[in-house]
Amino acid sequence: MIRSRSRWKAVRRSSAASSLSRTACELLAAQGEPQVTSDKQTFNPFTGVYDLQGNVHVEIGDRIITGDAAQVSMYKLEVHGQGNITLREGDITFDCDTVDVYGKEKTAYVAGNMNFTQGDMIISADTGSFNWSTKNAVFNGNVIVNGEPKNGEVIYNVREKVFVN
């Protein structure tokens, strides 16, 4: 008798977790929250975190992130991606090794082999960030703008297409 109760509890827990996963995803999709695809994915309904592996594609509004792997927190609105990352919004693109997106801050942090492009503007640096509210892209470490090395931090406003500093 105990076995069947334990088995029933496990089945109920699994069924509840599956229902919660479907319900959470349906609610988030209706709100325009992140849409995720990959070759392999697991979802923890209790933490709201997707673990994505292979051909990762994450859409958050008009932003698209692609790469080799990512962890997407649906509840925190965060994306942490690794390997061959491309972050694209409108006419701007960041190519890099890693990205950490914090939806509540409206900011993405990129690092490793980082290249930014917008039209004819090409900026490479060790690290960078982009804030969707201010539309400022900030670059640090070995910054090169259209082939010309720059000293210190470089801030570029993508809306106005001008350097802020």
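This short talk introduces a predicted protein model, from its overall layout to a few individual residues.

Good morning, colleagues. I begin with the overall layout. The protein contains one helix and 13 strands. Read from the N terminus, the helix comes at the start and the strands follow it, in the order α-β-β-β-β-β-β-β-β-β-β-β-β-β. Of the 165 residues, 39% are buried. The protein exposes about 9500 Å², and carbon and sulfur atoms supply 51% of that area. As for contacts with a separation of 6 or more, 28% of them join residues 24 or more positions apart.

I turn next to the interior. In soluble globular proteins, nonpolar side chains tend to be buried together. In this model, the largest nonpolar core has 35 residues, and the members that touch the most others are Val-58, Ile-65, Phe-94, Phe-116 and Phe-139. Which strands supply at least two residues each of this core? They are β3 (49-60), β4 (63-73), β5, β6 (92-102), β7 (107-118), β8 (121-131), β9 (136-140) and β12 (154-157). Strand β5 itself covers residues 78-89.

Ile-65 may serve as an example from this core. With neighbours within four places in sequence left aside, Ile-65 is in contact with Val-56, His-57, Val-58 and Ile-60. The same list continues with Val-79, Ile-85, Thr-86 and Leu-87, and it ends with Val-99 and Val-101.

Let us now consider charge. Side chains of opposite charge can pair when their charged atoms come close. The count for this model is five salt bridges. I shall describe several of them, starting with those of Arg-63.

Arg-63 is located in strand β4, and with a relative accessible area of 19% it is buried. Arg-63 forms a salt bridge with Asp-62, where the closest N and O atoms are 3.4 Å apart. The side chains of these two residues also make a polar contact, at 3.4 Å. Asp-62, for its part, is exposed, with a relative accessible area of 52%. This bridge therefore pairs a buried residue with an exposed one.

A further salt bridge joins the side chains of Arg-63 and Glu-89, at 3.6 Å from N to O. Because Glu-89 lies in strand β5 and Arg-63 in strand β4, the pair ties together parts that are 26 residues apart in sequence. Glu-89 is buried, its relative accessible area being 11%.

What else does Arg-63 touch, residues up to four places away in sequence not being counted? The list is Val-58, Arg-88, Glu-89 and Trp-132. The C-alpha atoms of Arg-63 and Thr-93 are separated by 9.9 Å, although these residues are 30 residues apart along the chain.

Another salt bridge lies between the side chains of Lys-150 and Glu-148, at 3.1 Å from N to O. Lys-150 is partly exposed, at 34% relative accessible area, and Glu-148 is also partly exposed, at 44%. As for bridges that share partners, they join Asp-62, Arg-63, Glu-89 and Lys-135 into one network.

I come now to a charged residue without such a partner. Glu-78 lies in strand β5. Why does Glu-78, a buried residue, have no salt bridge? The nearest side chain of opposite charge, that of Lys-76, is 5.0 Å away, and a salt bridge requires a nitrogen and an oxygen within 4 Å, so the pair does not qualify. The side chain of Glu-78 does make a polar contact with the side chain of His-80, at 3.0 Å. Apart from residues up to four places away in sequence, Glu-78 touches Gln-71, Val-72, Ser-73, Val-101 and Tyr-102.

Finally, I draw attention to two backbone angles. Leu-77 has a phi near 55°, a positive value in a residue other than glycine. Leu-77 is placed in the loop between β4 and β5, and it is partly exposed, at 28% relative accessibility. Asn-146 likewise is a residue other than glycine with a positive phi, near 45°. Its place is in the loop between β10 (144-145) and β11 (148-149), and at 43% relative accessibility Asn-146 counts as partly exposed.

To close, I return to two points. The largest nonpolar core has 35 residues, and one network of salt bridges includes Arg-63 and Glu-89. Thank you for your attention.

Conventions:
Residues numbered from 1 in each chain as written. Predicted model: local features only at pLDDT ≥ 70, side-chain atom pairs only at ≥ 80, totals over all residues. Heavy atoms only, no water. Helix = DSSP H or I, 4+ residues; strand = E, 2+ residues; numbered from the N terminus. Buried < 20%, exposed > 50% of the residue type's maximum accessible area, 1.4 Å probe, protein only. Lys, Arg positive; Asp, Glu negative; His and termini not counted. Polar contact = N/O pair within 3.5 Å; in protein donor to acceptor, adjacent residues only side chain to side chain. Contact = heavy atoms within 4.5 Å. Core = buried A, V, L, I, M, F, W, Y, C linked by side-chain atoms within 4.5 Å. Areas by Shrake-Rupley, 256 points an atom, 1.4 Å probe, with all protein chains shown as cover.
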